[in-house]
Amino acid sequence: MCRDYLIKRSIYAAAQVPAYLIVDSVMAQCVLFTEPTGHGEDADYRCRRITAFGDSTPLEPVGIELDTSRFAVYENVRPHRYP
């Protein structure tokens, strides 16, 4: 999970990928990062939207809403501290 929230996030932001979605089955949430900014290792996203599983996740960059009501959650896994 660390790679998704830190390393990949920075790489995608540096590449100016307009939206980066993490489906986090440990924390039962979707995290959408948008508006990439910066260069190299300092790149990041300006905006972050967190949506709990069960709620619709709007994906504005592609014009759809993601239904998360059937997403599975990992049981008995220690929560992490990201995003």
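No disulfides were counted in this predicted model. A disulfide requires two cysteine sulfur atoms within 2.5 Å. The cysteine sulfur closest to that of C30 belongs to C47, and the two lie 17 Å apart, so the gap is too far for a bond. C47 is likewise in no disulfide, with the sulfur of C30 as its nearest cysteine sulfur. The surroundings of each cysteine were also computed. C30 has a relative accessibility of 0% and therefore counts as buried. C47 has a relative accessibility of 30% and counts as partly exposed.

Aromatic contacts were examined next. Five aromatic pairs were counted. A pair of aromatic rings is described by the distance of the centres and the angle of the planes. For Y5 and Y82, the ring centres are 5.6 Å apart and the planes meet at 10°, so this pair is stacked. The limit for stacking is an angle under 30 degrees. Y5 is part of helix α1, whereas Y82 belongs to the segment after β5 (64-67), so the pair ties together parts that are 77 residues apart in sequence. Y5 and Y82 are both buried.

A pair with another geometry is formed by F53 and F71. Their contact is edge-to-face, with 5.3 Å from centre to centre and 90° between the planes. An angle over 60 degrees places a pair in the edge-to-face class. F53 sits in the loop between β3 (44-52) and β4 (56-59), and F71 sits in the segment after β5, so their contact ties together parts that are 18 residues apart in sequence. F53 has a relative accessibility of 15%, so F53 counts as buried. F71, at 28%, counts as partly exposed. A further group of rings was found. Y12, Y20, F33 and Y45 form one aromatic cluster.

Charged contacts follow. Side chains of opposite charge can pair when their charged atoms come close. Three salt bridges were counted in the model. One of them joins K8 and D4, with a distance of 3.1 Å from N to O. Both residues lie in helix α1. They are four residues apart, which is about one turn of the helix. K8 has a relative accessibility of 34% and counts as partly exposed.

D44 and R9 also form a salt bridge, and their closest N and O atoms are 2.7 Å apart. D44 lies in strand β3 and R9 in helix α1, so this bridge ties together parts that are 35 residues apart in sequence. The partners fall into separate accessibility classes. D44 is partly exposed, with a relative accessible area of 26%. R9 has a relative accessibility of 16%, so R9 counts as buried. The cut-off for a buried residue is a value under 20%.

A salt bridge also links E60 to R49, whose closest N and O atoms are 2.6 Å apart. E60 belongs to the loop between β4 and β5, while R49 belongs to strand β3, so the contact ties together parts that are 11 residues apart in sequence. E60 counts as partly exposed, at 48% relative accessibility. R49 is partly exposed too, with a relative accessible area of 34%.

The surface was then searched for patches. L6, I7, I11 and Y12 make a nonpolar surface patch of about 360 Å². Y12 thus appears in two of the groups described here, since Y12 is one member of this patch and one member of the aromatic cluster. I7 was considered in more detail. I7 lies in helix α1, which covers residues 2-14. The relative accessible area of I7 is 48%, so I7 is partly exposed. A residue can join a patch if this value is over 30% and the residue has no salt bridge. The position of I7 was also compared with that of T34. These two residues are 27 residues apart in sequence. In space, their C-alpha atoms are 16 Å apart.

Note on methods. Residues numbered from 1 in each chain as written. Predicted model: local features only at pLDDT ≥ 70, side-chain atom pairs only at ≥ 80, totals over all residues. Heavy atoms only, no water. Patch = residues over 30% accessible without salt bridge, like charges linked within 9 Å, V, L, I, M, F, W, Y side chains within 5 Å. Areas by Shrake-Rupley, 256 points an atom, 1.4 Å probe, with all protein chains shown as cover. Salt bridge = Lys/Arg side-chain N within 4 Å of Asp/Glu carboxyl O. Helix = DSSP H or I, 4+ residues; strand = E, 2+ residues; numbered from the N terminus. Buried < 20%, exposed > 50% of the residue type's maximum accessible area, 1.4 Å probe, protein only. Phe/Tyr/Trp six-rings, centres within 6.5 Å; stacked < 30°, edge-to-face > 60°.
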